[in-house]
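Biologist: Got a minute to go through the pockets and the ligand with me? I'd like to have the model on screen while we talk.

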Amino acid sequence: MVFLIIGGSASQKLAAKVAEDLDENLSPIETRRFPDGERYIRIKGEIPKEAVVIQSTGYPQDENLMELFLILKNLKSLGVERTRVVIPYFGYGRQERRFMSGEAVSAVIVAELLEAAGASEIYSINLHEKNIKEFFNIPVHEISAMPLIANYIKETVDDPMIIGPDKGAHGFANEIAEILNCESDHLEKIRISPEKVETKPKKLDVDGRNVVIIDDIISTGGTIVNATKILKDLGAKKVVVGCVHPVLVEDALLKIFAAGVDDVFSTDTLRSDVSTISVAKLVAGYLKKFK
Ligand code: R5P
């Protein structure tokens, strides 16, 4: 055994797939709650000098983070010298600056806590903002899931046109379009509140086309619903939606399908009904590359 792989509660299946791919041991970690709700952690078995902890920090964010902190500190006190932390979906990543005075910059606080807990390196898939990397004093490897998504589109959608639902997603749409050698464009969005967005209509030649909307995160689904309405009004034949992180708050998926979307797919950085593309091999590849 070179290193031990530990899957937190949010990423057990993904951790198992990564361990299988790397042919490394998966820790039989015991993680549960005391009757009063507090978390209990026990790492069983032999503990080597190196470990990889895999834990997404999506909903319930605070519980998943607390569990991760307990695992990291515990490994350190058990003598582990290098702990690489894979956070497939980096929660709190959207509050990465002070938008209004007095706000807590949550992403900075989470980064500092991860380091203080004993993380030696971070691996994460498509961070919401690039500047999150700068909040750490340890190496941060950001991994793009776009090649996996491009491959999925290639196998499932004929002659696609890739659309970013806002300016921020333009880069993702471009990355995929370059791989597939197809067209891409983006819409303009204004966020009114965490729950409400407005998307400006734009002239796009999507009449009769199979359009794939690509975003990093689908949360309430508002962004995708707006984009779908515009694309359908412009005559799109088929609208397929893909994202990296299926946050999918409450009835987001239902709203998206009700807007006329033909299919939704995402990676498995978070567990969901649409997490069809696994990032396990991609993560395993990076862990090998930086071993
Ligand atoms: C925003 O910058 C992100 O890339 C997504 O567009 C956003 O998080 C989606 O949120 P919602 O699904 O709530 O519209």
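Modeller: Sure, what follows is a quick chat about the pockets and the ligand. Keep in mind that this is a predicted model.

Biologist: Okay, pockets first. What's the volume of the largest pocket?

Modeller: The largest pocket holds about 1100 Å³ of space. It is lined by 38 residues, and the closest to its centre are Arg 94, His 128, Glu 129, Lys 189 and Arg 191.

Biologist: Which elements give two or more residues to that lining?

Modeller: Three strands and two helices: E8 (140-143), E11 (188-193) and E13 (210-218), plus H5 (170-180) and H6 (222-233).

Biologist: And how does the lining of the largest pocket divide into nonpolar, polar and charged?

Modeller: You get 16 charged residues there, with eleven polar and eleven nonpolar.

Biologist: Where does the ligand sit?

Modeller: In the largest pocket.

Biologist: Which residues come nearest to the ligand?

Modeller: There are 14 residues around the ligand, and the nearest are Asp 215, Asp 216, Ser 219, Thr 220 and Thr 223.

Biologist: What about polar side-chain atoms close to the ligand oxygens? Start with Asp 215: how far is its side chain from a ligand oxygen?

Modeller: For Asp 215, a side-chain N or O atom is 2.5 Å from an oxygen atom of the ligand. Lys 189 has a side-chain N or O atom 3.0 Å from a ligand oxygen, and for Asp 166 a polar side-chain atom lies 3.5 Å from one.

Biologist: How much of the ligand's accessible area does the protein cover?

Modeller: On its own the ligand has 370 Å² of accessible area, and the protein covers 89% of that.

Biologist: Back to elements for a sec. Which one supplies the largest share of the shell around the ligand?

Modeller: That's E13, with four residues. E11, E13 and H6 each supply at least two residues of the shell.

Biologist: And the shell by class?

Modeller: Six charged, six polar and two nonpolar residues.

Biologist: Switching topic: what's the volume of the second largest pocket?

Modeller: The second largest pocket comes to about 600 Å³. Of its 23 lining residues, Gly 58, Tyr 59, Gln 61, Tyr 89 and Val 247 are the closest to its centre.

Biologist: How many charged residues are in that lining?

Modeller: Three, alongside ten nonpolar and ten polar ones. For comparison, the lining of the largest pocket has 16 charged residues.

Key. Residues numbered from 1 in each chain as written. Predicted model: local features only at pLDDT ≥ 70, side-chain atom pairs only at ≥ 80, totals over all residues. Heavy atoms only, no water. 1 Å grid on protein atoms, 1.4 Å probe; cavity = no way out; pocket = protein on both sides within 12 Å on 5 of 7 lines; lining within 4 Å. Points joined across faces, edges and corners; volume = space filled by probe spheres on them. Nonpolar A, V, L, I, M, F, W, Y, C, P; charged D, E, K, R; others polar. Near = heavy atom within 4 Å. Polar contact = N/O pair within 3.5 Å; in protein donor to acceptor, adjacent residues only side chain to side chain. Areas by Shrake-Rupley, 256 points an atom, 1.4 Å probe, with all protein chains shown as cover. Sits in = over half its atoms within 2 Å of the grid points.
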